[in-house]
Amino acid sequence: MPAGNDRAVGIDDLSVYVPRLFLPLAGEFSTNRGIDPGKLIKGIGIERMAVPDAHEDAATMAAMSLLDLMRRARLRPEGIGKIYVGTESALDEAKAMGTYVIGMLEKIYGKGSFQECSTVEFKAACIGTTFALESLSYWVALEEEGKVGIVIASDVARYPLRSSGEYTQGAGSVALLVKKNPRLLALEQIYGSFTRDENDFFRPVGCTTAIVNGKHSNQCYLDAMQGAFDSFAAKAVRKGAITPDAGECITDFIDHLLFHIPYPRMVEYASAAIFRHDWRQSRNCSEIEQELGREPNAREYEDLGKYQAAEADYARRFAKSKHFLQAFVAKVRNTATFSRQIGNIYTGSIYLGLASLLETEKIHAGERLCFGAYGSGCSALVFSAIVQQQAGSVPLRGLVKRLQERRQISLQDYEKLHEGKMEKSVVMPCKEFALARIDHQGYRHYEYVE
Ligand code: COA
């Protein structure tokens with residue numbers, strides 16, 4: 001793997017924007033909806049949902065994360081060749097969100113400053129940003145004028161009020177700086193993919209909230225992740241990047257696993273499925289058998305219902321087993337820390353997981369990160385990256401403090417914001433981009449408020 005040289009391409013830095021408003025799930029919300037708070041905090045894993053204010057939308061959040069990234073990395077507009085935006089909160093059926101973002105950034109950097117930078121929107125539910133990153137990395141590898149690329153994820157996760165999706169909402173944006181010789185992570189350029197036509201989650205043209213078949217979406221996520229993981233594993237072995245000896249498995253060569261995080265419990269389900277699947281071929285298998293007994297085998301059951309019940313029971317015990325919990329704590333748990341405080345940010349949530357890892361735990365040069373992205377519809381992409389020598393020199397983002405400084409809102413204000421009925425901002429914009437108005441043609445006008 002080329003590292004610390006110009007052939008390596010990957011993530012040099014990243015920036016996160018989260019709205020300043022939040023709604024706690026335990027309290028007014030859980031009481032009003034008649035839901036045990038334990039279910040929301042433990043069963044789902046979300047404590048607070050980020051809520052966009054009246055002046056915010058996916059474009060303002062994208063512009064905020066990009067502005068912060070440009071300031072952190074001292075980027076000039078002329079040095080940026082492409083901005084790819086992953087979103088499923090499109091503001092327009094035709095116009096690319098990135099053009100609104102460039103319009104906002106030019107209020108700071110000057111009119112025409114991004115003229116040579118191209119921008120396109122990637123839509124593939126929650127996996128759009130990851131496909132954008134994959135594509136952009138190939139462009140960066142071939143780029144010869146020293147320009148960098150930016151990938152922005154920006155979404156408002158919105159489900160109907162009082163639906164079972166409501167407590168898995170959230171909002172935010174992540175901007176990734178993609179360049180040669182990156183300081184943080186070099187992509188190994190091994191992508192395992194899985195795609196299948198599914199109706200687990202979709203938003204027909206004209207709808208403001210998604211149609212979701214929740215339980216089915218969990219299963220699609222797990223099937224797709226397993227398929228993409230197998231595809232990744234086979235490619236990594238063929239390429240010689242991962243070389244397991246007898247008794248070793250793929251996850252032995254992975255230091256941190258980052259999954260798409262629609263809600264933190266989903267990360268536990270995904271980890272349990274992937275570790276269980278991967279360990280079957282390894283020495284871990286006999287140790288697990290000692291702890292849990294043999295896993296059910298469909299061929300030994302005449303009654304399908306009985307097999308399914310035995311399988312569900314085994315899966316529950318596996319998720320509580322000493323072996324699994326050790327691996328989960330060591331390689332996965334910290335990636336979901338911020339999602340507990342923010343909720344789902346759709347296509348950026350896996351990179352919010354990366355931010356969580358970077359802000360809460362030390363990563364070390366040479367470690368391998370493995371990402372498992374999922375998008376409803378459905379697709380999964382599993383890929384890997386190696387932590388670079390300079391990773392420790394990239395300043396932290398102070399996200400823990402920023403999350404603590406947010407403003408709590410009432411259930412009533414949350415519902416008004418959700419329904420687009422809040423006429424004034426709850427917190428007046430200050431040093432930020434804001435939606436000023438939508439004109440009679442539907443064009444959106446933004447400003448930077450000092
Ligand atoms: N205390 C602690 N845990 C509790 C509880 C309580 N009082 N009551 C329920 N739970 C647990 C359940 O046992 C379950 O955990 P388990 O799977 O370990 O058994 C967990 O809370 C979730 O409960 P469940 O009733 O299955 O969830 P739900 O019907 O509310 O649906 C989603 C959850 C995610 C399917 C739903 O919120 C949704 O559709 N979200 C949007 C789509 C989405 O995010 N899909 C994910 C894949 S992309």
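## Ligand shell and Arg 368

An oxygen atom of the ligand lies 2.5 Å from a polar backbone atom of Ser 164, which falls under the term polar contact (a pair of N or O atoms within 3.5 Å; within protein, one must be able to donate a hydrogen and the other to accept it, and residues adjacent in sequence count only if both atoms are side-chain atoms). This is a predicted model, in which local features need pLDDT of at least 70 and side-chain atom pairs count only at pLDDT 80 or more, while totals for chains, interfaces and linings use all residues. Residues are numbered from 1 along each chain as its sequence is written, and side-chain values use heavy atoms, with hydrogens and water left out.

**Ligand**

- Nitrogen atoms of the ligand are placed 3.1 Å from an N or O atom in the side chain of Asp 36 and 3.3 Å from an N or O atom in the side chain of Thr 168.
- The protein buries 71% of the 970 Å² that the ligand exposes when taken alone, with areas from the Shrake-Rupley method and a 1.4 Å probe.
- Around the ligand there are 20 residues, of which Lys 39, Ser 164, Tyr 167, Arg 265 and Tyr 269 come nearest; a residue is near if one of its heavy atoms lies within 4 Å.

**Arg 368**

- Arg 368 is buried, with a relative accessible area of 9%, where buried means under 20% (1.4 Å probe, protein chains only).
- The side chain of Arg 368 reaches the backbone oxygen of Ala 241 at 3.2 Å.

Technical notes. Buried < 20%, exposed > 50% of the residue type's maximum accessible area, 1.4 Å probe, protein only.
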